[in-house]
Amino acid sequence: MSEINLMRRVNFDEAVALILNSSGNAVHLMGEPGVGKTAIQDVLVERTGFHKVYIDGPNTDVGQAGMPIPNHTTRTLDFYPTASFKLHLNEPCVIMIDEWTKTDDYVRNTLHPMLHERRLGDYRLHDETIVFTTGNMDSDGVGDSAKGHTRNRQTWVWYDKPNAEQWLYWAANNGIAAEIQAWVREYPHCLASYRDGGQDKNPYIYNPQDASQTAFVSPRSLHKASKWVDVREALTENAFIAALDGTLGMAASRDLQAYIAMADQLPTREAIEKSPDTAMVPTSPAAQCILCFKAVAVTTRETFAVWMRYIRRLPKEAQAVFINSILEVREKKSWVITHPTFVTWARENQYMFAGLKSN
């Protein structure tokens with residue numbers, strides 16, 4: 001039976017906005033394993049241009065924060081912070097303490113002043129410096145806890161696991177293998193949460209009640225699986241399947257195999273670009289979906305017209321998958337929407353735009 005919890009959840013964009021506008025408040029993001037909490041720091045650094053300071057909480061010792069150094073003039077001890085904290089630069093930073101709720105209490109007490117008083121020892125943080133922490137939820141069963149005085153120094157926010165639609169948008173902009181994207185589109189429940197209702201029998205997701213579970217589907221493990229898919233030609237079939245088993249779990253790995261097999265039978269990029277009017281067109285909807293995601297990845301401004309000639313030979317639903325997906329790629333959308341081939345297709349298929357996104 002799923003847990004009833006009325007606490008509001010925030011998605012990736014909302015979490016970024018909260019932290020960017022935290023006004024000195026230290027936000028703590030709590031969420032399931034592998035859902036993309038840590039990745040938020042890179043977005044914050046990109047948006048702000050601030051220095052990146054990553055602190056691995058459980059593997060940090062008190063001595064790594066800094067140490068007292070004798071001041072022979074005043075005959076006192078001055079606190080010198082470790083250079084990795086970058087406080088000596090007196091410039092704004094994005095400081096993330098990862099796995100905060102698995103960090104030793106002694107270390108946490110040393111770092112507490114960064115959260116509320118905004119200092120480390122005698123060193124004040126730059127006024128614009130952002131501090132946030134991440135961790136799993138108590139119910140995840142992976143050893144997370146925090147005492148009241150720690151929680152009271154922060155704003156604790158439940159970070160929601162991205163659903164398939166949200167993850168596919170990220171995947172389109174981060175080079176995830178077409179086979180993985182197509183599989184997630186067909187099996188969106190692979191990114192459901194164990195905390196949602198009706199997921200007791202979901203074979204793909206993290207289940208804290210299953211002590212025998214060694215691998216599961218998450219945004220993090222899908223990213224790792226994509227790397228195995230990209231190098232599969234260098235591996236034996238047995239080694240490749242073993243790698244996916246150990247990355248995604250056997251249920252997801254074996255279901256994904258069908259998509260891998262279909263992808264290996266599709267026409268090559270060279271064949272399509274050389275002869276878009278005669279290159280083989282797959283009849284399976286799943287194969288067509290894989291082909292569309294592959295097309296999004298390889299299409300350039302110069303080859304877009306050629307690929308559109310080929311894509312037009314696919315069913316309208318597959319054409320919509322291609323158009324919808326390429327419009328989600330930030331670096332391609334700007335030239336796609338002004339490309340004469342797209343403009344012509346859009347004019348002929350206006351009725352489909354109700355289902356297309358406008359990200």
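Helix H2 covers residues 40-48. In this predicted model, its buried residues are Ile40, Gln41, Val43, Leu44 and Val45. These buried residues pack against one helix segment, H1 (12-20), and against several strands. The strands are E2 (26-30), E3 (51-56), E6 (93-98), E9 (130-135) and E10 (154-159). After H2 comes Gly49. The phi angle of Gly49 is positive, near 80°.

Positive phi values also occur at residues that are not glycine. Asn90 is one of them, with a phi of about 55°. Asn90 sits in the loop that links strand E5 (76-81) to E6. Its relative accessibility is 57%, so Asn90 counts as exposed. Arg118 also has a positive phi, of about 60°, without being a glycine. Arg118 lies in the loop between helix H3 (105-115) and strand E7 (119-120). Arg118 is buried, because its relative accessible area is 13% and the limit for a buried residue is under 20%.

The protein chain contains 359 residues, and 47% of them are buried. Its secondary structure comprises 15 helices and 10 strands. The C-alpha trace spans about 85 × 45 × 45 Å along its principal axes. Contacts between residues at least 6 apart in sequence were examined for their range. Of these, 69% join residues at least 24 apart.

The chain exposes about 18,400 Å². Carbon and sulfur atoms supply 51% of that area. The chain carries 37 positive and 42 negative charges. The mean positions of the two sets are 3 Å apart.

The largest nonpolar core holds 59 residues. Those touching the most other members are Trp167, Ile180, Trp183, Val184, Val217, Leu222 and Phe322. Helix H11 (residues 285-298) gives the most to this core, with nine residues. The surroundings of Ile180 can be listed in detail. Beyond its neighbours within four places in sequence, Ile180 is in contact with Trp167, Leu222, Ala225, Ser226, Val229 and Leu256.

Helix H9 (250-263) includes Gln257. Gln257 has a relative accessibility of 17%, so this residue counts as buried. Not counting residues up to four places away in sequence, Gln257 touches Phe240, Ile241 and Leu244. Thr268 is in the loop that runs from H9 to helix H10 (269-274). Thr268 has a relative accessible area of 44% and is therefore partly exposed. Thr268 and Leu29 are separated by 239 residues in sequence. Their C-alpha atoms are 43 Å apart in space.

The cysteines were considered last. The structure holds zero disulfides. Why does Cys190 not form a bond with the closest cysteine sulfur? That sulfur belongs to Cys289 and is 13 Å from the sulfur of Cys190, so the gap is too far for a bond. A disulfide would require the two sulfur atoms to be within 2.5 Å. Cys190 is buried, with a relative accessible area of 0%. Cys93 also counts as buried, at 1% relative accessibility.

Note on methods:
Residues numbered from 1 in each chain as written. Predicted model: local features only at pLDDT ≥ 70, side-chain atom pairs only at ≥ 80, totals over all residues. Heavy atoms only, no water. Helix = DSSP H or I, 4+ residues; strand = E, 2+ residues; numbered from the N terminus. Buried < 20%, exposed > 50% of the residue type's maximum accessible area, 1.4 Å probe, protein only. Contact = heavy atoms within 4.5 Å. Areas by Shrake-Rupley, 256 points an atom, 1.4 Å probe, with all protein chains shown as cover. Lys, Arg positive; Asp, Glu negative; His and termini not counted. Charge placed at Lys NZ, Arg CZ, Asp CG, Glu CD. Core = buried A, V, L, I, M, F, W, Y, C linked by side-chain atoms within 4.5 Å.
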